[in-house]
Amino acid sequence: MSTGADRPQGAIPAPVHWAHRHLLDVDALTRPEIDLVMRTTDEMRDVLARPIPKVPALRGVAVTILFYEASTRTRVSFEVAAKNLSADVVNIAAASSSVSKGESLVDTVRTIEALGADMLVMRHPASGAPYLAAEVFGGSVLNGGDGWHAHPSQALLDLYTIRSRLPGGSLEGRKIVILGDVLHSRVARSNVWTLTAMGADLWICGPTTLLRGFEAWAAHGAAGRRFTVTSDVDAALRDADVVMALRIQKERMASGLLPSLREYAARYGLTKARLRAANPDCVVMHPGPMNEGVEIAADVAVDPRSVITTQVTNGVAVRMALLYLLAGARHAEGGS
Amino acid sequence: MSEPARVGDVADGLVIRGWAVDPESGREGAAEATIHDGILTRMTWLTGTAAQGIEPGGILILPGLVDLHAHFREPGNEDAETIVTGMAAAAHGGFTTACLMPNTTPAIDEASVVALVRGATAASGSPVRVLIHGAVTAGRKGDTLSAMGELADAGVVGFSDDGAPVRSASILRNALAYAGALGLPVIDHPEDPSLTEGAEASEGYVATVLGLKGWPVAAEAGSVARSIAILADVVRDVPAARLHLTHVSTAAALDHVRAAKAAGLPVTCDVTPHHLSLTDEWIAGARRWAWQALDAQGRARDPWADGALVAPPFDTSLRVNPPLRSAPDAAACLAALRDGTADAIATDHAPHTEVDKHVEFGWAINGISGLETALPVVLAAVAAGGLPLARAIEALTTGPASVLAGRDGVRPGLRAGEPADLVVVDTGTSWTVTAEALASKGKNTPLLGRSLRGVVRLTLAGGRVAYTAD
């Protein structure tokens, strides 16, 4: 384990307000906590700008990255983040299916802990799986995406990216659109929590079959946080300050949710023509991986308004911040 | 749990004073029951000073409870439950009659499996009456009818493919007609599987926020409407045909049942203790009763907004089929009990092992272990004003008995001169639901750790002690 002495003096603020041992969801994050993540990410961006982008903050900390789903960008992003903090990183790509799952998740997590892991970064196809891991793991669990439920680091990197692009860094009253397959999207769900927490005027848009349940969520407006749900893409994009397109997967056609990719692209694809309705400086985002020509036109993806590659860079900084804050919380608890 | 009592006759001259509820005679009030050699020799309704201090909030004397729907897992999955542990759970819960569902391995689809179960119940030494539902289709596969006549001769009390609906409308039609001629009901598990593939939680606000695949209300309501339409068709030719819908969980489906009853169709239904008392917000981490989760307008409150989330989310003991519903649906289950749309409260006691439950939420097996908490949960609904006590007890005794049409002498009542078949409950005392307190092998209940009012002191089945706390 690292100690306080390992922290780069003056470079990174002490995580005084961070009390969470795990980061499993963003629903309970308060605005000051989100601000702390943002400030810590600023510091990590500074670290990344150094000639040698490495600090010893997590020296001696064993981080296991356990992915039950194929992923390149998120897995590598966590790995780079942990290594930049000088953690010892172990990567496990686990095969998973509900039928032939072999060893149970509980046994796998106990084994990982017995092998000395202090922190567990986990991606899993079942919503809620990180809560099961956190129940048995003695260290910290960082949810790297679970089913359709949550993707905390993605939502926080999206927020960081949006703040860096909006004047004054404020989302208050800004119109932000999430466009596409929100039904199956953990990115959309986590963004609902963080973006509404920051006061954005959030719009959720897609074909009605892919919005299922979100009307009920919007009607409750959890904890007083309102957002708008619509299948009218033109209404959604009108005067938008930010638009985030989500990936459409081919399986959606097989299950009868959509007629065809072609029809989706024609009716909901983010094209330059559609973007004309938005604010001229509208920020274009996508969590990746993209289906160019389906949910986002190729020329939009590389348009100057697109921040898609910035999202990737910010992803490393946000994940460094999260690993750092969680390690600090473990210290505060006496490493329990 | 205290040591189970030696099974045998009650000592001479046992006298119990308490608040008796006897749906058969329609009487409720202070009473004194006298039991000699297992016979309820005298049932005295007290008045005046003799009745003073005896209230519904103290000792209750009730006819032995009847459960239309339980899973004892034997043969085939004795790690989860056996007939012996299931009978002990029933007795501990105040049930003197339990009807077993046929989704064992092998399924109860022919007389030889009935004989096997009967052998085990006889060998158990428990006086709890175990009745058996046979499968509707061979192997519960939904393709061809089971050996229904043979099963009827072997004494089954109904037919069900529970765990799954009878998918084929044609098979359901034939089953209703064939079983009707045998004088037996078809007990259907209403679910349209094309709407519920991979479903994890009731479709709506909570499932959406948690990213759980939704089980829409329409899957139950549509299936109920279809089955009722088929029944209406069958009864024209086979007036004795009867349909019972089990674990109905939604307002929409209950409305269909209500309308069918009003039209005079021979349909009955039951609701479970968990669907009337718990809601989907428990999966998010709330732990309040369904009636506490309603706002003044009768809508579901928002657990994320009002600080109701007190436990970690995704507790797999809450994974059950049909799934826990919204607070208004739970309220509709109580309303259906009040107005008689629901005839019975059935536990759907579904014990499972830790291995099958301590996994990811969506991969956990469906089911709640319910026999031992059913009565306290229903009493909680009564205490909250959701249900009159008499109606609650009716739904746990004469209601389910009427679905069984008096088969096997199931006639709940506090009748003097007959073998005592009753339960004595102390509603003034609470107990904590723990793994150790449960006689069932199935510790899979979301009520684990919760304190419940209503301690069963004594269960007498057919004049013999099935359970005693003393």
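Visitor: In S6(B), which residue is the bridge partner of B:Leu65?
Guide: This is a predicted model, in which local features need pLDDT of at least 70 and side-chain atom pairs pLDDT 80 or more, while totals for chains, interfaces and linings use all residues. Residues are numbered from 1 along each chain as its sequence is written, with chains lettered from A and ligands numbered from 1 in the order in which they are written. Within S6(B), the bridge from B:Leu65 leads to B:Phe95.

Visitor: In what sense do S5(B) and strand S6 of chain B pair?
Guide: Strands (E, at least two residues) and helices (H or I, at least four) are DSSP runs numbered from the N terminus, and two strands pair if DSSP finds at least two bridges between them. Strand S6 of chain B covers residues 95-100 and shares four bridges with S5(B), the sense being parallel.

Visitor: How are H5(A) and H6(A) oriented to each other?
Guide: The axes, lines fitted to C-alpha atoms over the stretch in contact with angles from 0 to 180 degrees between N-to-C directions, come within 8 Å for helix H5 (residues 152-165) and helix H6 (residues 186-197) of chain A, crossing at roughly 50°. Angles under 35 degrees count as roughly parallel, over 145 as roughly antiparallel, 65 to 115 as roughly perpendicular and the rest as oblique. The two helices, H5(A) and H6(A), are therefore oblique.

Visitor: Which helix supplies the largest share of the side of chain A that touches chain B?
Guide: Counting residues whose C-beta atoms, placed from the backbone, lie within 7 Å, the contact takes 26 residues from chain A and 22 residues from chain B. Helices H3 (105-114), H4 (129-136), H6 and H7 (214-220) of chain A each supply at least two residues of that side of chain A. The largest share, four residues, comes from H7(A).

Terms used. Two residues are in contact if their C-beta atoms, placed from the backbone, lie within 7 Å.
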